[in-house]
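Colleague: I am new to this one and would love a close look at how the chain is packed. Could you walk me through it?

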Amino acid sequence: MTIPVSSSGIRAVVFDFGGVLFDWSPLHVYRHLIADDAERLHFLTDVCSPDWNVQQDGGRSLADGTAALVAQHPQHESLIRAFYDRWKEMLRGPLDDGVALLQQLHARQVPLFGLTNWSAETFPYARDNYDFLNVFQDIVVSGVEKCIKPDARIYEIALARYRRHLVDLKPGELVFIDDVKKNIEAAQALGWHGIHHVDAAQTREQLKALGLPL
């Protein structure tokens, strides 16, 4: 099989998962647990915060992360424990437009890779329940590697892994799609092409501008 190369030299597309291919949000659970909007915002900003969650994405166990937070905020123990006890409810499912774009690239034989900030303990659930993930030749998961985007090290790990599939792959031959701008900027600083994902239509146009067969 001949692997297509775009007019700009792109040999593969790398996808982030949350916000690009998956609708994941703590709000899917906490809207039902905390009725008051201001109280809910405070809880998800200052207690079960993104900075706390990302530590589990970086390799800390869910049990250790939960215990540490309960020790800091014992009055919120039941709400804190709900975060991972009900984590599957936060993963509402695929974002259809993003998945359609992924599958179109796959149909055109474009090599596809994943690079996601995701806990090593929760990612297997997604892998086992969403067949579209099978189109990826390799997926780098932050919780497994114990480092997270936008740390340069995880991009270096990813490139080394992807080279097992595409010999002599260079940073400039990758385009990375992520909904978090700082993650794109980190990839670009290492020579990757980057697309800050706002919606699938815009991302599709940017991929076409790079010569991908869409």
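Colleague: What percentage of the 214 residues of the chain count as buried?

Modeller: Happy to help. This is a predicted model, in which local features need pLDDT of at least 70 and side-chain atom pairs count only at pLDDT 80 or more, while totals for chains, interfaces and linings use all residues. Residues are numbered from 1 along each chain as its sequence is written, and side-chain values use heavy atoms, with hydrogens and water left out.

To your question: 47% of the 214 residues are buried, meaning under 20% relative accessible area with a 1.4 Å probe and protein chains only. Cys48 is one example, with a relative accessible area of 3%, and Cys147 is also buried, at 4%. The structure has 0 disulfides, a disulfide being a pair of cysteine sulfur atoms within 2.5 Å.

Now the chain as a whole. It has 12 helices and 7 strands, which are DSSP runs (helices H or I, at least four residues; strands E, at least two). The radius of gyration, over C-alpha atoms, is 18 Å, close to the 17 Å from the globule rule (2.2 Å times the number of residues to the power 0.38), so the chain is as compact as a globular protein of that length. Along the principal axes, the C-alpha atoms fill a box of roughly 60 × 30 × 30 Å.

Contacts (heavy atoms within 4.5 Å) add to the picture: of those between residues at least 6 apart in sequence, 67% join residues at least 24 apart.

Methods: Buried means under 20% relative accessible area, exposed over 50%, partly exposed in between (1.4 Å probe, protein chains only).
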